[in-house]
Amino acid sequence: MNITDKRHFLPLAFAVCVCVLLSSCGGKTDSAAAGSDSIVSADSAANMKTAAATDEAQADEEAEVNQEEEIVERVKEIYAAVKKRKTSADFAKLEQNYTTNAWRKALKAVHDKDAESEDEVGFFDFDYWSMSQDDGDLKIKKVKVASIDAEKGVATVTLELHNYGTVTPLKLSMRYEDDSWRINNFNSLLQEMDEYVKGN
């Protein structure tokens with residue numbers, strides 16, 4: 001190889017080396033970028049899952065708060081109707097509009113048992129709506145949802161019955177039935193009624 005050939009060969013060899021180096025570097029850069037993208041994608045997916053879980057938890061909490069408010073308003077509505085009742089038809093309407101099927105069924109069983117008994121008083125010697133024998137001055141205060149299970153459609157409400165200077169605490173077991181919250185139990189009366197009917 002003469003000097004002229006060497007002068008042409010060296011730049012050509014140099015150019016080939018540069019091309020090889022650049023292509024290998026480019027491959028590494030692309031691989032690194034791909035790896036970086038996968039890391040970013042994994043982080044983004046995790047962040048999105050966390051954000052979705054947080055949003056869902058907040059939505060559930062807001063829904064529960066809304067249900068609690070709905071139940072409190074419902075109890076106030078019920079006791080506004082209790083205060084207005086005067087006739088036996090009003091009493092029957094209270095049962096139909098504001099209590100569950102289970103409560104009404106238990107109440108009927110108690111009345112049937114009373115009819116068979118020689119005791120003139122029967123099971124109830126007081127009004128369970130007011131937990132008293134006379135409720136002309138009835139007011140409710142401190143209505144609060146003590147517990148709620150929205151999925152099962154059940155809740156417990158505590159309140160105070162104010163009547164002629166006396167204060168009686170009351171616990172209502174509520175159940176979502178027929179598109180509305182209804183009273184399923186007053187304190188533990190449902191259990192006591194069942195025992196009475198069974199003769200225990």
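This passage describes the fold, the strand pairing and the charged side chains of one chain. The model is predicted, so local features are reported only at pLDDT of at least 70 and side-chain atom pairs only at pLDDT 80 or more, whereas totals for chains, interfaces and linings use all residues. Residues are numbered from 1 along each chain as its sequence is written, and side-chain values use heavy atoms, with hydrogens and water left out.

The chain has 4 helices and 4 strands, where helices (H or I, at least four residues) and strands (E, at least two) are DSSP runs numbered from the N terminus. Along the sequence these elements follow the pattern α-α-α-β-β-β-β-α. Of the 200 residues in the chain, 27% are buried; buried denotes under 20% relative accessible area, exposed over 50%, and partly exposed the range in between (1.4 Å probe, protein chains only). The chain exposes about 13500 Å², of which carbon and sulfur atoms supply 55%. Accessible areas come from the Shrake-Rupley method with a 1.4 Å probe, and for residues only the protein chains shown count as cover. Among contacts with a separation of 6 or more, 55% join residues 24 or more positions apart, a contact being heavy atoms within 4.5 Å.

Strand pairing was examined next. Two strands are taken to pair if DSSP finds at least two bridges between them. Strand β2 (residues 154-163) pairs with β3 in the antiparallel sense over 10 bridges. Within this pairing, Val154 stands opposite Arg175 of β3. The hairpin of β2 and β3 has 2 residues between the strands, and Tyr164 takes a positive phi near 50° there. Strand β3 (residues 166-177) also pairs with β4, again in the antiparallel sense, over 6 bridges. Leu172 has Phe186 in β4 as its bridge partner, and Arg175 stands opposite Arg182 in β4. A hairpin with 2 residues between the strands links β3 and β4, and Asp178 in its turn has a positive phi of about 55°. Strand β4 (residues 180-186) is largely enclosed by the rest of the structure, because 7 of its 7 residues are buried.

One residue of β4 is Arg182. Arg182 is buried yet has no salt bridge, and the nearest side chain of opposite charge, that of Asp178, is 4.3 Å away. In this assignment Lys and Arg count as positive and Asp and Glu as negative, while His and the chain ends are not counted. A salt bridge requires a side-chain nitrogen of Lys or Arg within 4 Å of a carboxyl oxygen of Asp or Glu. The side chain of Arg182 reaches the backbone oxygen of Asn97 at 3.2 Å, and that of Glu177 at 3.2 Å. Not counting residues up to four places away in sequence, the residues touched by Arg182 include Arg74, Gln96, Tyr98, Arg104, Ser173 and Met174.

Elsewhere, charged side chains do meet: the structure holds 8 salt bridges. One of them joins Arg85 and Asp127, with the closest N and O atoms 2.3 Å apart. Arg85 lies in the loop between α1 (3-84) and α2 (88-98), and Asp127 in the loop between α3 (101-116) and β1 (139-149), so this pair ties together parts that are 42 residues apart in sequence. Both Arg85 and Asp127 are buried.

A further salt bridge is formed by the side chains of Lys139 and Asp137 (3.2 Å, N to O). Lys139 counts as partly exposed at 42% relative accessibility, and Asp137 likewise counts as partly exposed at 29%. The side chains of Lys198 and Asp194 also meet in a salt bridge (3.1 Å, N to O). These two residues are 4 residues apart in helix α4 (residues 189-198), so about one helical turn separates them. Lys198 counts as exposed at 56% relative accessibility, whereas Asp194 is partly exposed, with a relative accessible area of 37%. In addition to these pairs, salt bridges that share partners join Arg85, Asp127 and Asp135 into one network.

Note on methods. A polar contact is a pair of N or O atoms within 3.5 Å; within protein, one must be able to donate a hydrogen and the other to accept it, and residues adjacent in sequence count only if both atoms are side-chain atoms.
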